[in-house]
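The exercises below are meant to be worked with the sequence and the structure open side by side. Try each task before reading the solution that follows it.

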Amino acid sequence: PTQRQSLKQRAKELLAAKGAVLVAHYYVDGDLQDLAQETGGIVSDSLEMARFGRDHAASTLVVAGVRFMGETAKILSPEKRVLMPDLDATCSLDLGCPPDAFNAFCDAHPDRTVVVYANTSAAVKARADWMVTSSCALEIVSELKARGEKIIWAPDRHLGRYIQDQTGADMLMWNGACIVHDEFKGLELELLREQHPDALILVHPESPASVVAQADVVGSTSALIKAVVEGKAREYVVATDNGILHRMRQLAPDKVLIEAPTAGNSATCKSCAHCPWMAMNGLQGVVDCLERGLGEIQVAEPVRGQALSCITRMLDFTA
Ligand code: 13P
Ligand code: SF4
């Protein structure tokens, strides 16, 4: 067997021996996505990851993704051991929204309902009324608008602008962005569409407005996968992290998948359209965290309890 095969086998044995389940995001290494599928875990978007981790009976969750995903799992299930292959796997949205500055922002606008994206720290969630993910942000903000509430939105300005355009809600925005999606380019996408006039354009809403404006489907990672599986077209242009192509190819092997253009589609960019933090997750990390207890997530009280309410509100609303 190759080294990858032996590592995967070792990871399988450890998951079984430790009573652990693997919860993986679509952007992580394909081997980890396959391992999750083959061992009774899940590969999904961030909303389904949170729900699956909360509801699964395993005493240990291994979360292959970025730190906020592990924290969300721990906040929801403090009695479970939550391990991550690499605790340094963060997110530019989380980094760009430090809790102190965010608290000051909220303090300055006490009349507004605080809505934060899942991609934030536990401390930021502790200040929020609602957490949302890309798959439920539209319906939650629509509901808040219908209730006449004014909103503070953080941290992703592209997702926020998209939701604002769709709902007309009054949203005061934090100025954050995802370093991966921020790189997709509208003009280059127009040129690509001329070469592939029949292709469907699939866009994650963390992308800039010029890219979202050209989309046939805007949605979470799960929604984009569904669009490929169910779509009648043969070709699809995909504007999200290219880790998602692994699952798309498995589920729709006869479809043609084309990566949307980024500024870095050149020799200057080594990780175009692939999140450097998601890329920190590997089979070795899964083996190490299970074998040696490395990478355990802790979320101290009272932050954990405070952050729980905005997550629970979202899960109840979307149940
Ligand atoms: P999804 O919730 O759509 O999976 O997105 C998570 C994420 O980090 C996107 O960059
Ligand atoms: Fe964060 Fe973007 Fe990476 Fe998702 S792809 S984890 S939003 S930096």
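**Exercise 1. Find which residues lie closest to ligand 2, and sort its shell by chemical character.**

Solution. The model is a predicted one, and the search begins at ligand 2, which is surrounded by 13 residues. The closest of these residues are C91, S92, C178, V180 and C275. Sorting the shell around ligand 2 then gives nine nonpolar residues, two polar ones and two charged ones.

**Exercise 2. Describe the protein chain as a whole, and decide how its radius of gyration compares with the globule rule.**

Solution. Begin with the secondary structure of the protein chain, which amounts to 15 helices and 12 strands. The radius of gyration of the chain is 19 Å, close to the 20 Å that the globule rule gives for 319 residues, so the chain is as compact as a globular protein of that length. Next, consider the extent along the principal axes, where the C-alpha atoms fill a box of roughly 55 × 50 × 35 Å. Finally, turn to the interior: 49% of the 319 residues are buried, and of the contacts with a separation of 6 or more, 63% are between residues 24 or more positions apart.

**Exercise 3. Is T72 buried or exposed, and with which residues is it in contact beyond its neighbours in sequence?**

Solution. First locate T72, which is found in helix α4, residues 67-76. Then count its surroundings: 30 other C-beta atoms lie within 10 Å, and because the cut-off for a buried residue is 20 or more, T72 is buried. Leaving aside the neighbours within four places in sequence, T72 is in contact with A50, A118 and I311. As a last step, take the distance from T72 to C136, two residues that are 64 residues apart in sequence and 16 Å apart in space, C-alpha to C-alpha.

**Exercise 4. Which residues of helix α2 are buried, and how are they arranged around its axis?**

Solution. In helix α2, which covers residues 30-38, the buried residues are L32, Q33, L35 and A36. Seen down the axis of α2, these buried residues fall within an arc of 160 degrees, so they line one face of the helix. It helps to recall that an α-helix has 3.6 residues a turn, so residues three or four places apart point the same way. The elements that cover the buried residues of α2 include helix α1 (3-17), strand β1 (20-25) and helix α14 (283-292). After α2 comes G40, which has a positive phi near 85 degrees.

**Exercise 5. Work out which strands pair with β3, and then the order of the sheet that contains β9.**

Solution. Strand β3 is joined to β1 by five bridges, and the two run parallel, with V23 having V63 in β3 as its bridge partner. Strand β3 is also joined to strand β4, residues 81-83, by three bridges, again in parallel, and here L61 has V82 as its bridge partner. Four of the five residues of β3 are buried, so this strand is largely enclosed by the rest of the structure.

Turning to β9, residues 200-203, four parallel bridges pair this strand with β11, residues 235-239, and L200 stands opposite Y236. Two bridges join β9 to β10, residues 217-218, where V203 stands opposite V218 and L202 has V217 as its partner. The four strands form an open sheet in the order β10-β9-β11-β12, with parallel pairing. Its edge strands are β10 and β12, each of which pairs on one side only.

Definitions and conventions. Residues are numbered from 1 along each chain as its sequence is written. Chains are lettered from A and ligands numbered from 1 in the order in which they are written. This is a predicted model: local features need pLDDT of at least 70, side-chain atom pairs count only at pLDDT 80 or more; totals for chains, interfaces and linings use all residues. The radius of gyration is taken over C-alpha atoms; the globule rule is 2.2 Å times the number of residues to the power 0.38. A residue is buried if 20 or more other C-beta atoms lie within 10 Å of its own, exposed if 12 or fewer, and partly exposed in between; C-beta atoms are placed from the backbone. Two residues are in contact if their C-beta atoms, placed from the backbone, lie within 7 Å. A residue is near a molecule or strand if its C-beta atom, placed from the backbone, lies within 6 Å of it. Ala, Val, Leu, Ile, Met, Phe, Trp, Tyr, Cys and Pro count as nonpolar, Asp, Glu, Lys and Arg as charged, and the others, Gly among them, as polar. The arc is that of the directions from the helix axis to the C-beta atoms. Two strands pair if DSSP finds at least two bridges between them.
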